[in-house]
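Please work through the exercises below with the sequence and the coordinates open beside you. Each task is followed by a solution that proceeds step by step.

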Amino acid sequence: MERIRINSSKIRSAGYDPKSQVLEIEFSDGRLLQYRGVSPEVHRQFMAAPSPTGFFEDKIDESFPSTRLK
């Protein structure tokens with residue numbers, strides 16, 4: 001999955017597959033997590049958020065099932 005660089009101190013990049021509704025988040029510490037069931041609208045809001053880390057912590061982290069890839 002292709003990821004886009006994020007301007008954030010904690011998140012390095014994010015990728016999204018709208019067909020499977022999977023969001024990948026690569027963190028600055030090297031962790032890579034996949035979140036399932038993320039709607040295109042939530043992804044759009046995340047990418048447009050003034051604080052990507054804040055949006056991630058408030059709306060994604062505890063709300064969607066995740067799998068650690070790395």
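The exercises that follow concern strands, aromatic rings and charged side chains in a predicted model.

**Exercise 1.** Determine which strands pair with strand β2, and in which sense they run.

*Solution.* Begin with strand β1 (residues 4–5), which pairs with β2 in the antiparallel sense over two bridges; within this pairing, Ile4 stands opposite Ala14 of β2. The connection between β1 and β2 is a hairpin, with five residues between the two strands.

Turn next to strand β3 (residues 22–27), which is joined to β2 by six bridges and also runs antiparallel to it. Here Ile11 stands opposite Phe27 in β3, and β2 and β3 again form a hairpin, this one with four residues between them and with Gln21 in the turn at a positive phi of about 55°.

Finally, consider the surroundings of β2 (residues 11–17): five of its seven residues are buried, so the strand is largely enclosed by the rest of the structure.

**Exercise 2.** Classify the ring pair of Tyr35 and Phe56, and state which parts of the chain the pair ties together.

*Solution.* A pair of aromatic rings is described by the distance of the centres and the angle of the planes. The count of aromatic pairs comes to three. For Tyr35 and Phe56, the ring centres are 5.6 Å apart and the planes stand at 80°, which is over the 60 degrees required, so the pair is edge-to-face.

The next step is to place the two residues: Tyr35 belongs to strand β4 (residues 32–36) and Phe56 to helix α2 (residues 52–60), so the pair ties together parts that are 21 residues apart in sequence. Both Tyr35 and Phe56 are buried.

For contrast, take Phe46 and Phe55, whose pair is tilted, with 6.2 Å from centre to centre and 40° between the planes; both Phe46 and Phe55 are buried as well.

To complete the picture, Phe27, Tyr35 and Phe56 form one aromatic cluster, and Arg31 lies over the face of Phe27, at 4.2 Å from the ring centre.

**Exercise 3.** Describe the salt bridges of Arg3, Asp29 and Glu41, naming the partner of each, and decide how exposed the residues in these pairs are.

*Solution.* Side chains of opposite charge can pair when their charged atoms come close. The structure holds six salt bridges. In one of them, Arg3 meets Glu26 at 3.6 Å, N to O, a pair that links distant parts of the chain, since Arg3 lies in the segment before β1 and Glu26 in strand β3, 23 residues apart. Arg3 counts as partly exposed at 29% relative accessibility, whereas Glu26, with a relative accessible area of 12%, is buried. Arg3 and Glu26 also belong to a network of salt bridges that links them with Arg12 and Glu24.

The second pair is Asp29 with Arg31, whose side chains meet at 3.0 Å, N to O. Asp29 counts as exposed at 55% relative accessibility, while Arg31, at 28%, is partly exposed; Arg31 is also the residue that lies over the face of Phe27.

The third pair is Glu41 with Arg44, the closest N and O atoms being 2.8 Å apart. Glu41 and Arg44 both lie in helix α1 (residues 40–48), where they are three residues apart, about one turn of the helix. Glu41 has a relative accessible area of 38% and is partly exposed, and Arg44 likewise counts as partly exposed, at 45% relative accessibility.

Conventions:
Residues are numbered from 1 along each chain as its sequence is written. This is a predicted model: local features need pLDDT of at least 70, side-chain atom pairs count only at pLDDT 80 or more; totals for chains, interfaces and linings use all residues. Side-chain values use heavy atoms; hydrogens and water are left out. Rings of Phe, Tyr and Trp (its six-membered ring) pair if their centres lie within 6.5 Å; planes under 30 degrees apart count as stacked, over 60 as edge-to-face and the rest as tilted. Buried means under 20% relative accessible area, exposed over 50%, partly exposed in between (1.4 Å probe, protein chains only). A charge sits over a ring if NZ of Lys or CZ of Arg is within 6 Å of the ring centre and within 35 degrees of the ring normal. Two strands pair if DSSP finds at least two bridges between them. A salt bridge is a side-chain nitrogen of Lys or Arg within 4 Å of a carboxyl oxygen of Asp or Glu.
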